[in-house]
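Reader: I would like a close look at a single part of this model, namely one of the loops and what surrounds it. Please take the reasoning step by step, and carry it on to the neighbouring elements where they help.

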Amino acid sequence: MAIGLEHYLVLSALLFSIGLYGAFAKRNAIAILMSIELMLNGVNIAMVAFSRYIVPLMLTGQVFAIFVMVVAAAETAVGLAIVITIYRERETIDATRINLLKW
């Protein structure tokens, strides 16, 4: 049995679904950031799989995946800096207790 496009898309959908569940269900800000990273990795797998199986001579999926990785690294750095700042200010990283937009 050969591994085809469907297998990669199922894996991608599974990773994205786990990340989406984690982003909505978790209350810890670090866990939410990790769930967003899972979602981005699921999208990366889908883009590379489509690029490989639909147009194998073009590397558009791989190039977009590298861009997504760069954006994810920047998002992680900024997100962790925000989480550390909020923890120093409020002494919690519980997403339900962070209400910075209220007076």
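Author: Val55 sits in the loop that joins helix 2 to helix 3, in what is a predicted model. With a relative accessibility of 36%, Val55 counts as partly exposed, because that value falls between the limit of 20% under which a residue is buried and the limit of 50% over which a residue is exposed. Val55 also belongs to a nonpolar surface patch of about 650 Å², to which Ile3, Tyr8, Phe50, Tyr53, Ile54 and Met58 contribute as well.

The two helices on either side of this loop, helix 2 with residues 29–53 and helix 3 with residues 60–90, have axes that come within 9 Å and cross at roughly 175 degrees. Helix 2 is therefore roughly antiparallel to helix 3, since an angle over 145 degrees is counted in that way. Where helix 2 and helix 3 make contact, the residues divide into 14 nonpolar, seven polar and two charged. As a general matter, two packed helices are described by the angle between their axes and the distance between the axes.

The other loop that leads to helix 2 deserves the same care. Asn28 is found in the loop between helix 1, which covers 5–25, and helix 2, and at 34% relative accessibility Asn28 counts as partly exposed. Computed along the chain rather than through space, Asn28 and Ala72 are 44 residues apart, while their C-alpha atoms are 19 Å apart.

Arg27 lies in this loop between helix 1 and helix 2 too, and Arg27 forms a salt bridge with Asp94, in which the closest N and O atoms are 2.8 Å apart. The structure holds one salt bridge. Because Asp94 belongs to the segment after helix 3, whereas Arg27 is in the loop between helix 1 and helix 2, the pair ties together parts that are 67 residues apart in sequence. Asp94 has a relative accessibility of 14% and so counts as buried, the limit for that class being under 20%.

The segment after helix 3 is also the place of Glu91, whose phi is positive, at about 60 degrees, although Glu91 is not a glycine. Glu91 is exposed, with a relative accessible area of 64%, whereas Asp94 is buried at 14%.

Conventions. Residues numbered from 1 in each chain as written. Predicted model: local features only at pLDDT ≥ 70, side-chain atom pairs only at ≥ 80, totals over all residues. Heavy atoms only, no water. Axes fitted to C-alpha atoms, helices over the stretch in contact; angles between N-to-C directions. Helix = DSSP H or I, 4+ residues; strand = E, 2+ residues; numbered from the N terminus. Parallel < 35°, antiparallel > 145°, perpendicular 65-115°, else oblique. Nonpolar A, V, L, I, M, F, W, Y, C, P; charged D, E, K, R; others polar. Patch = residues over 30% accessible without salt bridge, like charges linked within 9 Å, V, L, I, M, F, W, Y side chains within 5 Å. Areas by Shrake-Rupley, 256 points an atom, 1.4 Å probe, with all protein chains shown as cover. Salt bridge = Lys/Arg side-chain N within 4 Å of Asp/Glu carboxyl O. Buried < 20%, exposed > 50% of the residue type's maximum accessible area, 1.4 Å probe, protein only.
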